[in-house]
Structure formats: C-alpha cells, structure tokens
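Visitor: I am new to this structure. Please take one part of it and walk me through it closely.

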Amino acid sequence: MVRALDRVLRGLLAALLGVLTVSVFLQVLVRFVLKVPLPWTEEVARLAFVYSIFVGATVAVREKAHINVDVVLAALPRRAARAVRLAGSLLTAGFLGVVLWQGLAFVAATGVQMTPVLQVPFRHLYLVIPASAALMLLYLVLGIIDDLRGRRP
C-alpha cells in the first residue's frame with residue numbers, strides 16, 4: 001500500500017508541475033504575444049504551486065531527502081547517532097501533529113471564501129496542509145519503526 005501511495009504522490013507531483021508549467025507558459029504567451037490577459041492562469045499556477053510544495057515536501061520526507069547534519073551523526077557512536085536521529089524524528093512528529101491539528105482548524109475557519117476568478121473554495125487550497133502533514137507523519141512513523149527494527153544504519 002505504501003508503494004502505491006508513493007506512485008500516486010509522484011504522479012500527482014509530476015502532474016502539478018506540468019499544470020504549473022503550462023499555465024505559466026500560456027499566461028506569458030497570451031499576455032505578451034496576443035496582448036489579452038487570462039486571469040484564470042494566474043490562479044491555476046498559484047494553486048498548482050502551493051500543492052506542489054506540500055506534495056514535494058511529503059515525497060522528500062519519504063525519501064529522507066530533507067537537509068540533515070550528517071557530520072554530527074557521523075561523529076557519534078552508532079547507538080548515540082540512532083538515539084539522536086530518533087529524538088529528531090520524534091520532535092518532527094510532534095511538529096507535524098501540530099501542523100495537522102492547526103491545518104484542520106484553518107480549513108474549517110475558511111468557511112465559504114472563494115478564489116476571485118475560478119470561484120474555488122479556499123478550503124480546497126488549504127486542505128493540502130493537513131493532508132500533507134498526515135502523510136508526512138505516516139512516512140515519519142514508518143521511518144521510526146524501521147529505525148527501531150534496525151533497518152536503517
């Protein structure tokens with residue numbers, strides 16, 4: 001199931017980057033060549049950009065590709081390095097729990113506000129915050145379990 005989720009997230013990220021690229025290209029082409037503005041392209045680009053940031057962060061958590069200070073861990077004995085990595089993961093899990101909780105509150109607080117041009121409810125834009133926090137938390141917990149079972153150095 002995790003592999004299927006990985007494929008879905010990677011496909012979604014690729015699709016979002018494609019939509020972002022096409023909408024920006026279309027906006028530049030129509031605005032500067034045809035001299036006619038298309039207001040919806042800016043909104044689509046903004047939505048795709050925000051979603052790609054959060055989906056990309058989720059993929060980065062899965063890949064363990066976030067910035068790390070490996071020099072510190074390399075200088076420690078193996079057990080101490082595992083303990084430090086576990087403590088960092090637990091702190092990150094706590095932070096993601098707060099982001100998830102506050103993200104849900106933020107989605108609920110947006111009510112019926114709509115985007116100006118496309119009239120998409122803002123809650124659809126903000127829903128990516130708790131959704132990505134939940135997925136990052138899931139991936140982080142799976143990483144902690146792997147650490148505890150000794151599957152990671």
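Guide: What follows is a close look at helix 1 and the parts linked with it in this predicted model.

Start with the length. Helix 1 covers residues 2-33. Its 32 residues, at 1.5 Å a residue, should span 46 Å. The end C-alpha atoms are 46 Å apart, so the expected span and the model agree.

Now look at what helix 1 hides. Its buried residues are D6, L9, L13, L16, L20, S23, Q27 and V30. What lies over them? The cover includes helix 2 and helix 6.

One contact set shows how helix 1 meets helix 2. Take V55, which falls in helix 2 (39-63). Set aside its neighbours within four places in sequence, and V55 is in contact with L9, L12, L13 and L16. Of these, L9, L13 and L16 are among the buried residues of helix 1.

L9 and V55 turn up again in the largest nonpolar core. This core has 16 residues. L9, V55, L96 and L140 touch the most other members. Helix 1, helix 2, helix 4 (78-109) and helix 6 (128-148) each give two or more residues to the core.

Follow L140 next, for it also belongs to the story of the largest pocket. That pocket holds about 680 Å³ of space. It is lined by 29 residues, and the closest to its centre are H66, N68, S89, T92 and L140. The elements that give two or more residues to the lining are helix 2, helix 3 (70-75), helix 4 and helix 6. By class, the lining has 17 nonpolar, 7 polar and 5 charged residues.

Go back to the end of helix 1. Just after it comes K35, with a positive phi of about 60°. K35 is a residue other than glycine. It is found in the loop between helix 1 and helix 2. Is K35 buried or exposed? The relative accessible area of K35 is 64%, and the cut-off for exposed is over 50%, so K35 counts as exposed.

The loop between helix 2 and helix 3 holds another such case, K64. K64 is not a glycine either, yet it has a positive phi of about 55°. Its relative accessible area is 41%, so K64 is partly exposed.

To recap, helix 1 has buried residues whose cover includes helix 2 and helix 6. It gives two or more residues to the largest nonpolar core. Just after it, K35 takes its positive phi.

Key. Residues numbered from 1 in each chain as written. Predicted model: local features only at pLDDT ≥ 70, side-chain atom pairs only at ≥ 80, totals over all residues. Heavy atoms only, no water. Core = buried A, V, L, I, M, F, W, Y, C linked by side-chain atoms within 4.5 Å. Buried < 20%, exposed > 50% of the residue type's maximum accessible area, 1.4 Å probe, protein only. Helix = DSSP H or I, 4+ residues; strand = E, 2+ residues; numbered from the N terminus. Contact = heavy atoms within 4.5 Å. 1 Å grid on protein atoms, 1.4 Å probe; cavity = no way out; pocket = protein on both sides within 12 Å on 5 of 7 lines; lining within 4 Å. Points joined across faces, edges and corners; volume = space filled by probe spheres on them. Nonpolar A, V, L, I, M, F, W, Y, C, P; charged D, E, K, R; others polar. Expected span 1.5 Å × (residues − 1).
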